[in-house]
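Reader: I have a new structure open and don't know where to begin. Can you walk me through it?

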Amino acid sequence: MSDGGGRGDAPAVGRLETGDGLPVAYHRFGHGGGRPTLIAHANGFHGRCYRALADELGPGYDCVAIDQRGHGLTDLCADDHERALSGGALDWRPLGVDVGALARLLAPSGGLVGVGHSMGGAALLMAAHRDPDVFDRLVLFEPVAPPPDANPGDPDQMPLVGLALRRRPEFESVEAAIGNYRAKQPMALMRSDVLRDYVVGGTRPLPHGVTLRCEPAVEAAFFRGSHDNGVWDLLDEIDVPTLVVSGRVEADAVTGWARGIADRLPNGVFRYEPDLTHFGPLSHPDRVADIVRSG
């Protein structure tokens, strides 16, 4: 499919008020008439990043992608924002509630396909535990569900926390941000149309430039909370058919948990794609679309 790097059109945006009154944004990519499909993104990203994946899935899948709280067009509640700015950890359980509410909105009679990437995979697993009847199946790329022996000790020593806090938040323009990311790993792994969607959907204007909507402190706070998210303890009670996909296994990364997650799920299947990285849905949306369709 065409790289699509020049697209500037914005997908339709909806908003859903969840249990604690926070308006959660979501992006409609659907072609209409396909299988209802909910895409949940990785930490630090947002729903619009997965437009290429929705396009690659094609008319058989009517795709919607959520902006999870603190990401894209969805804010954090004031208490969580203050907690993040003060160096605290953020609870992941509200992510599952938000995804579950949107899932029920999209497929009130069931039959939903859930596609999750990293943190989004964890959110979908939490939602499937609460409301399994809404889902037909899940396809999860390296979901975050740490086993008990994965506790890092001091969360501030997690490499991903430090990486998030070092992230540059402001740029002179959208084009300057794209140029910066295109020259640096791992962001340079993203396909060019995905990278543009990441920057356009993930920044807001300043008087003299743009700044990231997901603040580095917020991304870091979600990473701090990741090892305590409780998803591992739910797995043996989630009987939704689930394909767990892993890219190449890397030390101290979520790739090392994927096979164990699939084994713990009553209807879990593991698939290994060693030539993909954790950025697989963003670097190779065509490949990941093929995996979703193969399910």
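Reader: What share of the residues of the protein count as buried?

Author: Of the 295 residues, 55% count as buried; buried means under 20% relative accessible area, exposed over 50%, and partly exposed in between, with a 1.4 Å probe and protein chains only. This is a predicted model, where local features need pLDDT of at least 70, side-chain atom pairs count only at pLDDT 80 or more, and totals for chains, interfaces and linings use all residues. Residues are numbered from 1 along each chain as its sequence is written, and side-chain values use heavy atoms, with hydrogens and water left out.

Reader: How many helices and strands are there?

Author: The protein has 11 helices and 11 strands. They are DSSP runs numbered from the N terminus: helices are H or I with at least four residues, strands E with at least two.

Reader: What is the radius of gyration?

Author: The protein has 17 Å, which agrees with the value near 19 Å for a compact globule with 295 residues. The radius is taken over C-alpha atoms, and the globule rule is 2.2 Å times the number of residues to the power 0.38. Along its principal axes, the C-alpha trace spans about 50 × 45 × 40 Å.

Reader: Now the empty space. How many cavities of 30 Å³ or more are there?

Author: Two cavities reach 30 Å³ or more. On a 1 Å grid over the protein atoms alone, a cavity is a set of points where a 1.4 Å probe fits but cannot get out; a pocket is an open set with protein on both sides within 12 Å along at least five of seven lines, and lining residues have an atom within 4 Å of a point. Grid points are joined across faces, edges and corners, and a volume is the space filled by probe spheres set on the points.

Reader: What lines the largest cavity?

Author: Its lining includes I39, Y50, H117, F141 and P281. β5 (112–117) and β6 (135–141) are the elements that give two or more residues to that lining. The lining residues divide into 10 nonpolar, two polar and no charged. Here Ala, Val, Leu, Ile, Met, Phe, Trp, Tyr, Cys and Pro count as nonpolar, Asp, Glu, Lys and Arg as charged, and the others, Gly among them, as polar.

Reader: And what is the volume of the largest pocket?

Author: The largest pocket holds about 1100 Å³ of space. It is lined by 44 residues, and L160, L163, P186, F223 and H278 lie nearest its centre. α5, α6 (174–182) and α8 (216–226) each supply at least two of the lining residues.

Reader: Different topic: why does R167 count as buried?

Author: R167 counts as buried because its relative accessible area is 17%. R167 sits in the loop between α5 (159–165) and β7 (170–171).

Reader: Which side chain does R167 join in a polar contact?

Author: The side chain of E219, at 3.0 Å. A polar contact is a pair of N or O atoms within 3.5 Å; within protein, one must be able to donate a hydrogen and the other to accept it, and residues adjacent in sequence count only if both atoms are side-chain atoms.

Reader: Is W257 buried or exposed?

Author: W257 counts as buried, at 14% relative accessibility. Leaving aside neighbours within four places in sequence, W257 is in contact (heavy atoms within 4.5 Å) with residues including P143, A150 and H227. P147 is 110 residues away along the chain, yet the C-alpha atoms of W257 and P147 are separated by 7.3 Å.
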